[in-house]
Every structure is written in structure tokens, then in C-alpha cells.
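Here is a short tour of a two-chain model for you to follow on screen. Please keep the viewer open as you read.

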Amino acid sequence: MKLSKNFTNPLAANNPVIVQILGICSALAVTVKLEPAFVMGLSVTFVCAFSNLFMSLLRKGVPSRIRIIVQLVVIATLVIVVDQFLRAYMYDVSKQLSVYVGLIITNCIVMGRVEAFALGNKPWDSFVDGVANGLGYAFILVLVAFFRELFGSGTLFGFDVLARFGYVNNSLMLFPPMALIIIGCIIWVHRSINKDLQEK
Amino acid sequence: MAINKNSNTYIIIYTVVMVVIVGSLLAFLATSLKPQQDANVLNEQKVSIMKAFGEADANFDDMVKIGLVTEGEFTEVAKDDKAGVQAVFDLLGNRKALSEATAELPIFVLEKDGATKYVLPIVGKGLWGDIWGYVSLQQAEDNVVITGIVMDHAGETPGLGAEIATERVQKMFEGKALYNEANEFAVRMQKGGAQNEHQVDAITGGTKTCDGVNAMLAISVGKYEAFLRGAEATAEADTEECACSEEECSEECCGECADECADECCSEEAIVEPVNVEEE
């Protein structure tokens, strides 16, 4: 029961991007096309899940005075692993994501979950929490990228969709501010459904 | 005996062990993935070169000759000279070294349907960072014509300077002759729209990037000028018909084109003294 709640919470009611407003910067940068957004979402999920797992395993041995440094080392290691694998096996995507893979290290979601959850919970719970938060992030990224690619380039995953109906691409959608506006709209819809999130 | 986890000794041992483990893990990973990553970079370079040639689907290794140009002289790098080929691609990957190189400049040659095209690497600076690419050139009459260009950038402004990486902008360069009547390098992206046949329209809002493209083309292609001019001259000599016909065989004419038509008309018997028309 607790585990499933752990899993579903970050996907909707406590989504890291649209409720906690974390990880916005990369959400603006890599959502021009679906493919990089998708890969970025998976990368963050991987990093988040395993940094949670490892930090939870280490939680009893970590000296509390240097725990932030230890967290950073673990997260940075995982990010480099992801980066190296992308460069070897998904070269095109890794070029599109460019510095943003490296910047997963500074993604507040990852460190936030390690500090807030993994240090006080068992490994399996922490792992699930990491996966769920990563997926919550990935879901928003893919949603934003869906609208931006569809209306900005007229394609989805690179396949022509709107172009064949004579749609003229709106290049405004390709600029980062539109990602912010779309996220704003998602937050608006989300809060109108979940009334308890509205601030009085 | 309980360990004091906040003692200095514990912290130092903890960090040292952690760093050693993480360091060796990453070193192992980086080394084992390196060949695959290098292959990706190499493949990308080859694909870009083929794109510049306008043969995006063709196989680089089957069709293209690799060469080096030093002071206008072309030397081919043999395909089985692994180290030599690797050195060329290493140089392509190192933009700083490439922009500083003055000798042994890489060049790629594609011969197809009797036409010879050359691809040169170009490197320069845009507004925010490096810009680079490949330009494909072909001899035409007494000039050198761009047959294709691919450009990429590190971080130009999307929608403005970054447009140089789009097909729309790159298409505009096709068919532009490099040198104007005064024999100066004349291809450039002109602010306010192309003014003559050598220029292409600059990108509105991307003036600084276009300036960078202009400098990149002038400097990078300029390094090959001696070679391009040399190739130009050879192309001319090959195509130009011998000026002598049998009727007008003369010492003067034979001196100019002795090699080509010596057999036909410049044998000693065939030379006729010019008739003196001022005999009256």
C-alpha cells in the first residue's frame, strides 16, 4: 500500500516539475523534439533511481558532515555513466542533449530526492521513489515536447503529422519561453483538477 | 567498539576509498566505450563530407580520395595508410589545430562522371562559439564554384544565427563562383540581401554569425587558394583546344602549344613561313 503510494504520488499529486517546480531549466531546453525529451526523461529516471538506491545503501555509513559531497559524487558518477553510454550508442541524441546530460548533476529533483527520501528510507523504497520521480519528470517533459514538436515542427518523433494538412510551422514554439508557457498551462490544468493544491 | 563516524580519520578514509572506487569504475568505463565513441565521431565526419559532396547516401570509403595540400601541392594519403588517414581525421576533429594549420591541409577528392569535386574543411568563430563545416568546390571555366556546403555550430542563437545549419541557408551557396572579376575571393553573406552573383542573403538577426561565416570561408578556403588556382589552370589546359590548325602553323603558334599539337602541325616540314602581305 505504502509502496504503491510512493510510486503514484510523484506522477501526479506531488509531481516534481509541476508541483515542486524542480528541474525546470532542463525541461525548457530539451523539449524542442520528442526524442531528446524522451531520452532525457529516461536518463534522469535512471540517475534518480540509482542515486537513491546507492545513497540508501550507504546511508548508515555516510559521515553526516560530508553527506552532500558523497551524494554529489554518487550522482555525478551515474551521470557520467549515462553520458558515456549515450555517446557510444545514441550519438545523435547525445549531441542534441549536449550539456544537459551533464547538467542532470545539478537537477534539483535528483539531489532533492536523495536528501529528502533516500537518506531516511530502505533501499527498495528509495529505488521506487527514484523511479517514480524520474518518470514524473519524464512525463512532463514528453508532454511539453509533444506540443512543441507538433506545433513547432509539424512532426512527432520526426514523422510528418501536421505538415501534410498544410500546417505552417509556428517557430515560436521552438523557443524556450514557449516551454515555460506550456508548463504554466499544465500547472494551471493540474491545479484546477487538484483543488487542494491551490494557494488561498 | 563503535566507530565515530564524524571523526576526521573516518571521513578521510571514507572519501579516499570512495574516490578510488568511483575513479577506477569511470576509468574502466571510459576506456571500454572509447572505440565505439571514436567510431561515431569518425562516421559523423564522413557523413558530413558526403553531404557536402551532395552524395549523402554514398559510402565514403569507396568513393573519396583523401589528400593533403601543402603550398598548392596535392599529396594523396593512401587508404591503407591507417596512421595517415587517422591523422587527417584527428585534425578535422581538432578545430583549433585545424584553424592554425598552414601546411598539410586535409582535402577530399571525389571523381564521378568525369567531374572532380573537392571538399575542404572550414572552421571559424560565430557569435557565441565555434562554427565549422565542409565546402565542396568544383572547377568551372576560369573560376571555382561551390557545389555544396554543410555548416554546423556550437551555440548560435536558435532561429537566428543557428539557421546556418539549415538546408535553406546552405542551399543558397550552391553554384556561387568564388572569385570575382578582380580575382578576389567574393563569396559572402551580404547584409540587406545579395548584391551580385557571388553573394548570398545574410540572415536577418544573425549578422554576427554571418560575419563569422564570411571570415570562415575567406580564411579557410583562402589557405587552399594556390592549390585551387593550380587545379584551375590544369583544368583549363585540359579542356582548351589547341589553337593551331594546319593552315596557321607558325613558329609563334607552335611555341605556345607545342606539346599538344606538335605532332600534327609543328613538325619542321609543316611550318610555313608567314606570307608577307605587305608586298605591294
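The report below goes through confidence, the interface, chain A and then a few single residues.

**Ground rules**

This is a predicted model, in which local features need pLDDT of at least 70 and side-chain atom pairs count only at pLDDT 80 or more, while totals for chains, interfaces and linings use all residues. Residues are numbered from 1 along each chain as its sequence is written, chains are lettered from A and ligands numbered from 1 in the order in which they are written, and side-chain values use heavy atoms, with hydrogens and water left out.

**Confidence in chain B**

pLDDT is the predictor's confidence in each residue, from 0 to 100. Chain B has a mean pLDDT of 81, with 82% of its residues at 70 or more. Over residues 238–242 of chain B, pLDDT stays under 50, and the model has three contacts beyond four places in sequence for them. Contact here means heavy atoms within 4.5 Å. Where pLDDT is low, the predicted coordinates should not be read in detail.

**Where the chains meet**

On the interface, 23 residues of chain B are in contact with 21 residues of chain A. Together the two chains bury about 1900 Å², and 65% of that is on carbon and sulfur atoms; buried area is the accessible area (1.4 Å probe) that two parts lose on being put together, summed over both.

How many salt bridges are there between chain B and chain A? The count is one, taking a salt bridge as a side-chain nitrogen of Lys or Arg within 4 Å of a carboxyl oxygen of Asp or Glu. B:Glu44 and A:Lys95 form a salt bridge, their closest N and O atoms lying 2.2 Å apart.

Ten residue pairs, both at pLDDT 80 or more, are in polar contact between the chains. A polar contact is a pair of N or O atoms within 3.5 Å; within protein, one must be able to donate a hydrogen and the other to accept it, and residues adjacent in sequence count only if both atoms are side-chain atoms. Helix α1 (residues 8–53) of chain B gives the most to the side of chain B that touches chain A, with 17 residues. Helices (H or I, at least four residues) and strands (E, at least two) are DSSP runs, numbered from the N terminus.

B:Asn40 is a good residue to click on, and it lies in helix α1 of chain B. A polar atom of the B:Asn40 side chain is 2.8 Å from the backbone oxygen of A:Arg87. Beyond its neighbours within four places in sequence, B:Asn40 is in contact with A:Arg87, A:Ala88, A:Tyr89 and A:Tyr91.

**Chain A**

Chain A has nine helices and two strands, running α-α-α-α-α-α-α-α-β-β-α from the N terminus. A:Lys122 sits in the loop between α7 (108–116) and α8 (123–152) of chain A. A:Lys122 and A:Leu57 are 65 residues apart in sequence, yet 7.6 Å apart in space, C-alpha to C-alpha.

**Positive phi in chain B**

Most residues other than glycine have a negative phi. The table lists two with a positive value.

| Residue | Phi | Loop in chain B |
|---|---|---|
| B:Glu104 | near 50° | between α4 (95–100) and β3 (105–112) |
| B:Asn183 | near 65° | between α5 (167–172) and β7 (188–190) |
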